[in-house]
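Subject: Structure handover

Hello,

Here is the structure we talked about. Please load it before you read on; my notes follow below.

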Amino acid sequence: MTTAAVPARHGDLAAFVAALADRAEEPAALRRGYRLAGVPLEIRCDDPRLERALLRALAPRRDDGALGARPSFTAVATRPLPDSPFPPSAFGAKGEIAVDARAGLAAVFCFDGPVLSVYDSAQQRGWVWYAGVEGVPVAERAAPLLRPLRWSLATRGIEVVHAAAVAAEGRALLIAGRGGAGKSTLAVAALAAGLELLGEDYVAVDTAAGPRVHALFASAKLDAGSLARLPWLDLPPSAPREPGGKVLVDLVARGAERLPASRPLAAIVLPRLTGADATLHTQFRGWGLEAPRPKEILSLIHISEPTRPY
């Protein structure tokens, strides 16, 4: 039997967000600015280990000029949270928090971290709270600030999609498909072959600007099968590893000069690992890619079945 989550009260939420914003503005030992898909954000914390453990995936997007702008969201760490208005009944199965729609808030709590993410659509501001550095899960290290970034970019008409992207000659190729289709393996192999890499798991797609692909994270998570196909990675035994076996790979150390901020989108492919020696490809002829409409791009990215092996 599933029990519906009970929303937190509007008044309590407003007070909580106000306290969260005040706490985030307190002076911090470490303050860093970044810009992802044109969105300014800042990181504040009192533990320098956060920069090594969490911020490596954001390193190519470092932009301390963003500190002079009003940040779209602020991430803080190792500070006590204000008293929470969320009762146990407010949490869904994946940590999502049911909130009163009138509050204009989105919130999710990752119990593994723990990590709390809150976004206020009325202010177009968000906050991410890490209880500490040691407990930050590998998924969060690979894609820090993913949830609030998704919420923030959505208000600007930019979609964060589960896809990889590589580029050559100034144009991007979006690699879509289901989990296990080979997106990460193909993207990291392309980086080793001299191509540019915009992302191996998540990228942002702006369908109103050309369309255009924006890089988010300079990291990869690879399973044993992918690592066997990419022996040149030569990862140390101490590399962070998920409980399920995927290993975190630092892409900055393997080609920082080939990690651009964005590129115009030229084509989309849907790969599938087959184990065969030869690579086959089939052109999708449902519509032309010369001037695809936004809904066509996003529907292809989220398609449930891959095409013939690529």
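Is D63 buried, partly exposed or exposed? D63 has a relative accessibility of 28%, so it counts as partly exposed. Please keep in mind throughout that this is a predicted model.

Overall picture

The protein has 310 residues, and 48% of them count as buried. Its secondary structure consists of seven helices and 15 strands. The exposed surface comes to about 14,800 Å². Carbon and sulfur atoms supply 52% of that area. Contacts reach far along the chain: of those with a separation of 6 or more, 70% are between residues 24 or more positions apart.

Salt bridges

A search of the whole structure gives seven salt bridges. Here are some of them.

Start with D63 again. Its partner is R35, and the closest N and O atoms of the pair are 3.0 Å apart. R35 sits in strand 1 (residues 30–36), while D63 belongs to the loop between helix 2 (49–53) and strand 3 (73–77). The two are 28 residues apart in sequence, so the salt bridge ties together separate parts of the chain. R35 is partly exposed because its relative accessibility is 31%.

D250 and R56 form another salt bridge, with 2.7 Å between the closest N and O atoms. This pair links distant parts of the chain, 194 residues apart. D250 is in strand 14 (residues 247–250), and R56 is in the loop between helix 2 and strand 3. Both ends are partly exposed: D250 has a relative accessible area of 22%, and R56 has a relative accessibility of 37%.

R44 and E42 also form a salt bridge, and their closest N and O atoms are 3.3 Å apart. Here both R44 and E42 are buried. The two belong to a network of salt bridges that also includes R31.

A buried charge without a salt bridge

Look at E140 next. This residue is in helix 3 (residues 138–142). E140 is buried but has no salt bridge. Which side chain of opposite charge is nearest to E140, and how far away is it? The side chain is that of R147, at 4.5 Å. A salt bridge needs a nitrogen and a carboxyl oxygen within 4 Å, so the E140 and R147 pair does not count as one. E140 does touch R147, though. Leaving out residues up to four places away in sequence, its other contacts are L54, V115, Y130 and L145.

Helix 4

Helix 4 covers residues 146–154. Its buried residues are L146, P148, L149, S152 and L153. How are these buried residues arranged when seen down the axis of helix 4? They fall within an arc of 165°, so they line one face of the helix.

An exposed glycine

Last, G68. Like R56 and D63, G68 is found in the loop between helix 2 and strand 3. G68 has a relative accessible area of 76%, so it is exposed. G68 and P40 are 28 residues apart in sequence. In space, their C-alpha atoms are 9.3 Å apart.

Where to look

For viewing, I would go through the pairs R35 and D63, D250 and R56, and R44 and E42. Then turn to E140, which is buried without a salt bridge.

Best wishes

Notes. Residues numbered from 1 in each chain as written. Predicted model: local features only at pLDDT ≥ 70, side-chain atom pairs only at ≥ 80, totals over all residues. Heavy atoms only, no water. Buried < 20%, exposed > 50% of the residue type's maximum accessible area, 1.4 Å probe, protein only. Helix = DSSP H or I, 4+ residues; strand = E, 2+ residues; numbered from the N terminus. Arc of directions from axis to C-beta. Lys, Arg positive; Asp, Glu negative; His and termini not counted. Contact = heavy atoms within 4.5 Å. Areas by Shrake-Rupley, 256 points an atom, 1.4 Å probe, with all protein chains shown as cover.
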